[in-house]
Amino acid sequence: MSVLMRAGEVAKRPVVTMQGEDVAQIKDIVYAPGGGEVAGFTLAGRGIFSGPRKEVLAWKSVAALGPDAVMILREDVLVSPDEAFAGVSGSGSGSGHGNVLGSRVLTDSGTDLGKVIDVIIEVSGANGGQCDVVGYEIEASEALKTNSTKVLIPLPDTLAASAEHLMVPAGAVDFVRDDLAGFGAAVDDFRAHLKGSH
């Protein structure tokens, strides 16, 4: 079973051990190179005056990402960024090329679809399961001709991004949805459509 959620909803979620100890909170998401998967999380301490922690949480050490907390086996799974993210080129709320929030989404035919306001992730399995980037929530441009100002656009398995623009196939506009209900099916249909067109 998989669950879709907005990456922005994960920030500030507490990190709790299986012994019930509240050890940190999520500060930001670190994406794997290419932006297709979540590599892990940077952390902050708990409490109003707590700053960022030096340790990070690699996705492989997450026991469960629930609606109210991120569960880990023990506190010693929190490690240095070098140890956790060896080979990961990017960090922040972005795709491996930096922060994608605020970036423009362009189709490969040159149409501006809107501005990214959140990243949609799909969590499947636990204890080393997958956490994939499957879409963006965008402030829709007039080109999309939708009734909503905020829509979800599915992404292919691999992404193309520059410093300013995120590229998607033009066919993605046929799979845009207004909310997370049914968006997982839209992502599957979009990716099947891409495979069928090659």
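**Salt bridges and selected contacts in the predicted model**

At a relative accessibility of 29%, D112 counts as partly exposed. The model in which this value was computed is a predicted one. The side chain of D112 meets that of R104 in a salt bridge, with a distance of 3.1 Å from N to O. R104 is likewise classed as partly exposed, at 30% relative accessibility. Elsewhere, R6, E9 and E137 are joined into one network by salt bridges that share partners. In total, the structure holds nine salt bridges. In general, side chains of opposite charge can pair when their charged atoms come close.

R53 takes part in two of the pairs described here. In one of them, R53 forms a salt bridge with E55, and the closest N and O atoms are 3.0 Å apart. E55 is partly exposed, its relative accessibility being 28%. R53 is also partly exposed, with a relative accessible area of 22%. In another pair, R53 forms a salt bridge with E75, where the closest N and O atoms lie 3.4 Å apart. R53 belongs to strand 5 (residues 52–58), whereas E75 sits in the loop between strand 7 (70–72) and helix 1 (81–84), so this pair ties together parts that are 22 residues apart in sequence. E75 has a relative accessible area of 32% and is therefore partly exposed.

The overall composition of the model was also computed. The secondary structure of the protein comes to two helices and 13 strands. Of the 198 residues in the protein, 46% are buried. Among contacts with a separation of 6 or more, 53% are accounted for by residues 24 or more positions apart. The protein exposes about 9,800 Å², and carbon and sulfur atoms supply 50% of this area.

R13 is a charged residue without a salt bridge. It is found in the loop between strand 1 (2–6) and strand 2 (14–17). R13 is buried, and the nearest side chain of opposite charge, that of E9, is 4.7 Å away. Because a salt bridge requires a side-chain nitrogen of Lys or Arg within 4 Å of a carboxyl oxygen of Asp or Glu, a separation of 4.7 Å does not qualify. The side chain of R13 does, however, reach backbone oxygen atoms. The backbone oxygen of E9 is reached at 3.1 Å, and that of G66 at 2.5 Å. Leaving aside neighbours within four places in sequence, R13 is in contact with M5, Q25 and I26, and also with L65, G66, P67, D68, A69 and V70. G66 thus appears both in this list of contacts and as a residue whose backbone oxygen is reached by the R13 side chain.

V173 was examined as a further example. This residue lies in the loop between strand 13 (165–168) and helix 2 (183–196). V173 counts as partly exposed, at 32% relative accessibility. Not counting residues up to four places away in sequence, V173 touches T107, L113 and L144. In the case of T107, the two residues are 66 residues apart along the chain, and their C-alpha atoms are separated by 8.7 Å.

Definitions and conventions: Residues numbered from 1 in each chain as written. Predicted model: local features only at pLDDT ≥ 70, side-chain atom pairs only at ≥ 80, totals over all residues. Heavy atoms only, no water. Buried < 20%, exposed > 50% of the residue type's maximum accessible area, 1.4 Å probe, protein only. Helix = DSSP H or I, 4+ residues; strand = E, 2+ residues; numbered from the N terminus. Contact = heavy atoms within 4.5 Å. Areas by Shrake-Rupley, 256 points an atom, 1.4 Å probe, with all protein chains shown as cover. Lys, Arg positive; Asp, Glu negative; His and termini not counted. Polar contact = N/O pair within 3.5 Å; in protein donor to acceptor, adjacent residues only side chain to side chain.
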